[in-house]
Amino acid sequence: MKRVQNIVAESRRTLPFTAAYAVVVWLLAGLIGHGMWLQFICFVLSVFMMVQLNNKNLLIRIYSRLVSSSYIALSCAALFLFDSPGGACLQLTAIASLFCLFNTYQNRSSAGWTYYAFLFLGLGSLTDVHVIYFMPVFWLLTMFALYSFSLRTFTASLLGFATPYWFSLAWYAWRGEGDITIWVDHLAGIADLQFSISYSVLSLQHLSLLAFFLILFLLGSIHFVTTSYKDKIRVRQIYYSFMTLMIYSCLLIILQPQFYQLSFHIMLISVSPIIGHFLALTESRLSNILFFVLTAVVLFLSGMNLWISSSVS
């Protein structure tokens, strides 16, 4: 007899049900009252991209929608991120970037996919210039996880990242706004580093979510590493990429806590497939209990964040 965890993992109704839950959370968070339509559209597109990311790369070796469902559930647990239109756009461009990047697997001539991957990364940096800190990580992924790094793809990555800035400067020139100080000030934000680290910027909401993400990461990573021999090599390398991004995001939030929103967006994308893999491919009594516990924590965090946001407004 299948456990509840496995029934949910393999059900075709899981994704629609989770999506309906997300719509309710968005409505309660102020989708209509606060006019968060841009953020909601980006969220819907992000979910669609996560579905495509799973379908394209077969991230789970059985039929399961837990990658995208986990992404939806964890997004609702981090609903304090809903307020930022820039953050919503960054989330979408980051997923699109990874989708393109994973298509470069073992292809050192894949300048096209590399260009598009870094193009989306560049678009994300228009909303948060500190996205540039993830460029070295993406290069490392192409070197040691995806085996697609070459002089050709490296050049394509630089051109892709720079393209949004070229077009935006051309737009300003066409409008007759020759003053480019707006971009100078924007790029100057790269040097916005703190050498005296202060965690006062992190509230109870942020720390609770960070702790939850770390627990999910440890659970999923330990399971994946011990059972990865059952997955294809390509899938293994993609999951190792997610783990690398998760670890780097944790280091970033530890060393520069003021970048917590950027870190949380990348963590959300990285940890969703990892915990989805764990929940879909385990079937013990303990994992079934963990499924209920994790579901309860997601509901609790969603409720807590809704209560805090309603109190503030």
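## A walk through the helices

Let's start at a tucked-away spot: select D231, which is buried, with a relative accessible area of 6%. You're looking at a predicted model, so keep that in mind as you click around. D231 lies in the loop between α10 (204-227) and α11 (233-255). Now show its side chain together with that of R61: a polar contact of 3.0 Å joins the two. To see who else is around, add F224, R236 and H277. Along with R61, these are the residues D231 touches, once you leave out those up to four places away in sequence.

Keep F224 on screen for the next stop. Which residues join F224 in one aromatic cluster? Select F102, Y239, Y240 and F242, and you have the whole group.

From Y240, hop over to L290. The two are 50 residues apart in sequence, and their C-alpha atoms are 23 Å apart in space. L290 lies in helix α13 (residues 285-312). This leucine is partly exposed, with a relative accessible area of 21%. Show L219 and F278 too: L290 is in contact with both, leaving aside its neighbours within four places in sequence.

Next, go back towards the start of the chain and colour helix α2, residues 14-29. Its 16 residues reach 22 Å from first C-alpha to last, close to the 22 Å expected at 1.5 Å a residue. Now pick out T14, L15, T18, A22, V25, W26 and A29, the buried residues of α2. Why do they end up on the same side of the helix? They cover an arc of only 105° around the axis, and that puts them together on one side of α2. Turn the helix around, and on the face away from its buried side you'll find the exposed residues F17 and L28. Just past the end of α2, click on G30, which takes a positive phi of about 110°.

Time for some rings. The whole structure holds 23 aromatic pairs, and a good one to visit is W26 with F40. Their ring centres are 5.4 Å apart and their planes stand at 70°, so this pair is edge-to-face. W26 sits in helix α2 and F40 in helix α3 (residues 37-57), so the pair ties together parts that are 14 residues apart in sequence. Are these two rings buried or exposed? W26 is buried, at a relative accessible area of 1%, and F40 is buried as well, at 17%.

For a pair with another geometry, select F118 and W139. This one is stacked, with 6.2 Å centre to centre and 25° between the planes. F118 belongs to helix α6 (residues 111-127) and W139 to helix α7 (residues 135-144), so here the pair ties together parts that are 21 residues apart in sequence. Both F118 and W139 are buried.

While you're there, colour the rest of α6. At 1.5 Å a residue, its 17 residues should span 24 Å, and its end C-alpha atoms are 25 Å apart, which agrees. F118 has plenty of buried company in this helix, including A111, T114, A117, L119 and L121. Further along α6, G122, G124 and S125 are buried too.

One last stop: select R12 and Y63. What sits over the ring of Y63? The charged end of R12 does, 4.3 Å from the ring's centre.

Definitions and conventions:
Residues are numbered from 1 along each chain as its sequence is written. This is a predicted model: local features need pLDDT of at least 70, side-chain atom pairs count only at pLDDT 80 or more; totals for chains, interfaces and linings use all residues. Side-chain values use heavy atoms; hydrogens and water are left out. Helices (H or I, at least four residues) and strands (E, at least two) are DSSP runs, numbered from the N terminus. The expected span of a helix is 1.5 Å times one less than its number of residues. Buried means under 20% relative accessible area, exposed over 50%, partly exposed in between (1.4 Å probe, protein chains only). The arc is that of the directions from the helix axis to the C-beta atoms. Rings of Phe, Tyr and Trp (its six-membered ring) pair if their centres lie within 6.5 Å; planes under 30 degrees apart count as stacked, over 60 as edge-to-face and the rest as tilted. A charge sits over a ring if NZ of Lys or CZ of Arg is within 6 Å of the ring centre and within 35 degrees of the ring normal. A polar contact is a pair of N or O atoms within 3.5 Å; within protein, one must be able to donate a hydrogen and the other to accept it, and residues adjacent in sequence count only if both atoms are side-chain atoms. Contact means heavy atoms within 4.5 Å.
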